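This report describes one protein model for a reader who is new to structural analysis. Please look at the sequence and the structure before reading on.

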Amino acid sequence: MYAVSLDGFGGPEVMKWTRVADLPAPGPGEVAIDVVAAGVNRADVMQREGRYPPPPGASDIMGLEVSGFIAEVGIGVENWQPGDAVCALLPGGGYAERVNTPATRVLPVPDGVSVTSAAALPEVAATVWSNIVMTAGLDRGQVLLVHGGGSGIGTHAVQVGRALGAHVAVTAGSDSKLEHCRELGAQTLINYRNQDFTEVVNSEFSGANVILDIMGASYLQRNTNALAEGGQLTIIGLQGGEVAELDLGALLRKRGSIHVTNLRRRPEHGPGSKAEIIDAVRSHVWPLISNGTIRPVVSAEVPVTEVAEAQALLDSTESVGKVLLTIRN
């Protein structure tokens, strides 16, 4: 089969669409998926650069989510059949013509969504629901602050927050991205280039009940200051660094909590596992997609042979939502 392989670590030039060894048949509890499209994520760029190695046993091919059609099922798989249109959360291997993955990570393509567009859903849906609902307990009437509102995670989080009846505030670095967020339902728009998000949420709401953060160290103290009493800060990315000082007194006075989570390294089964999250997403998020309340937001579909362009779009000022690699028509 063909896949994107890495010729060492570094810039986009190390990625090659080339022939690789065919996969074995899916093992017990696994399915094989003929890939139509793969989502492009920040983790893929970090893996290419050598800063985010796959967990033990995972494929060294990039790609954490795909859509396509079931090709084969392993022993013990009863809920899926060859030909089923699906999307899936992966431990790796998505930038390829075919991938094997545990059946517990697989979701049906939602009603009203194309097979290609469905590749934009697994990673964002699992990340957002597990963090703002399962971890932080976002509820109706609360304030949700989403950093990076124009990203794939951000555009999905805005829609989930509004569907749950929260007031959604977002940060982004351009007015055009903020306008897209407004169209998705965001009510408070903060351009971080000329506004202090802490001042905005504290003056308008006495703080945010839940903050979904992709920056990490550079935003830590300001996020803490922006929490409402009893607020929950969930950190899912470290684009602003890994190490920072924290004023524990400020956090204590607000009875606030900080959660730093990672989806890729969660266990397969049990409390807080990928299987538990996928079950919750199918039960709670998929109906909202099927009825049109939430939709996949796709900025671009790029042929897999132009994978360097696809990854570069993640940092584009014009890109809003997900970037997808198309493998098959």
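Which residues line the largest cavity? They are A120, L121, V124, G152, T155, H156, Q159, R295, P296, V297 and K322. The model is a predicted one, in which local features need pLDDT of at least 70, side-chain atom pairs count only at pLDDT 80 or more, and totals for chains, interfaces and linings use all residues. Residues are numbered from 1 along each chain as its sequence is written, and side-chain values use heavy atoms, with hydrogens and water left out.

**Cavity and pocket**

A cavity is a set of points, on a 1 Å grid over the protein atoms alone, where a 1.4 Å probe fits but cannot get out; a pocket is an open set with protein on both sides within 12 Å along at least five of seven lines; lining residues have an atom within 4 Å of a point. Grid points are joined across faces, edges and corners, and a volume is the space filled by probe spheres set on the points. A search of the whole structure finds one cavity of 30 Å³ or more. The volume of the largest cavity is about 40 Å³. Helix α3 (residues 152-163) supplies the largest share of this cavity's lining, namely four residues. Helices (H or I, at least four residues) and strands (E, at least two) are DSSP runs, numbered from the N terminus.

The second largest pocket has a volume of about 280 Å³. It is lined by 20 residues, of which L23, S59, G92, G93 and N100 are the closest to its centre. Strand β6 (residues 98-102) gives the largest share of the lining of this pocket, four residues. Four of the five residues of β6 are buried, where buried means under 20% relative accessible area, exposed over 50%, and partly exposed in between (1.4 Å probe, protein chains only).

**Strand pairing**

Strands of a sheet pair through backbone hydrogen bonds, either parallel or antiparallel. Here two strands are said to pair if DSSP finds at least two bridges between them. Strand β6 pairs with β3 in the antiparallel sense over five bridges, and V31 stands opposite T101 in β6.

Six other strands form an open sheet with parallel pairing, in the order β10-β9-β8-β11-β12-β13. Its edge strands, β10 (188-191) and β13 (257-260), each pair on one side only. The twist from one strand to the next averages 15 degrees; axes are lines fitted to C-alpha atoms, for helices over the stretch in contact, and angles run from 0 to 180 degrees between N-to-C directions. Within this sheet, β8 and β9 are parallel and share four bridges, and V146 has V170 in β9 as its bridge partner. From β8, V143 and L145 point one way and L144 and V146 the other way, and all are buried. Five bridges join β11 (residues 208-213) to β12 (residues 227-235), where T234 is the bridge partner of L212.

**Helices on the sheet**

Contact means heavy atoms within 4.5 Å. Helix α2 lies across β8 (143-146), β11, β12 and β13, and runs at about 155 degrees to β11. Helix α4 (residues 175-184) also packs on the sheet, where it touches β9 (167-172) and β10, and its direction makes about 165 degrees with that of β10.

Helix α2 (residues 122-135) has a kink of about 25 degrees centred on W129; the bend at a residue is the angle between axes fitted to the seven residues ending there and the seven starting there. Of the 14 residues of α2, 11 are buried, including E123, W129 and N131. After α2 comes G137, whose phi is positive, near 65 degrees.

**Residues in loops**

N41 sits in the loop between β3 (30-40) and α1 (42-48). N41 counts as buried because its relative accessible area is 11%. Residues up to four places away in sequence aside, N41 touches L64, E65, Y95, E123, L314 and K322.

Two further loop residues have a positive phi although neither is a glycine.

| Residue | Phi | Loop | Relative accessible area |
|---|---|---|---|
| S206 | about 60 degrees | between α5 (197-205) and β11 | 58%, exposed |
| R255 | about 50 degrees | between α7 (248-253) and β13 | 55%, exposed |
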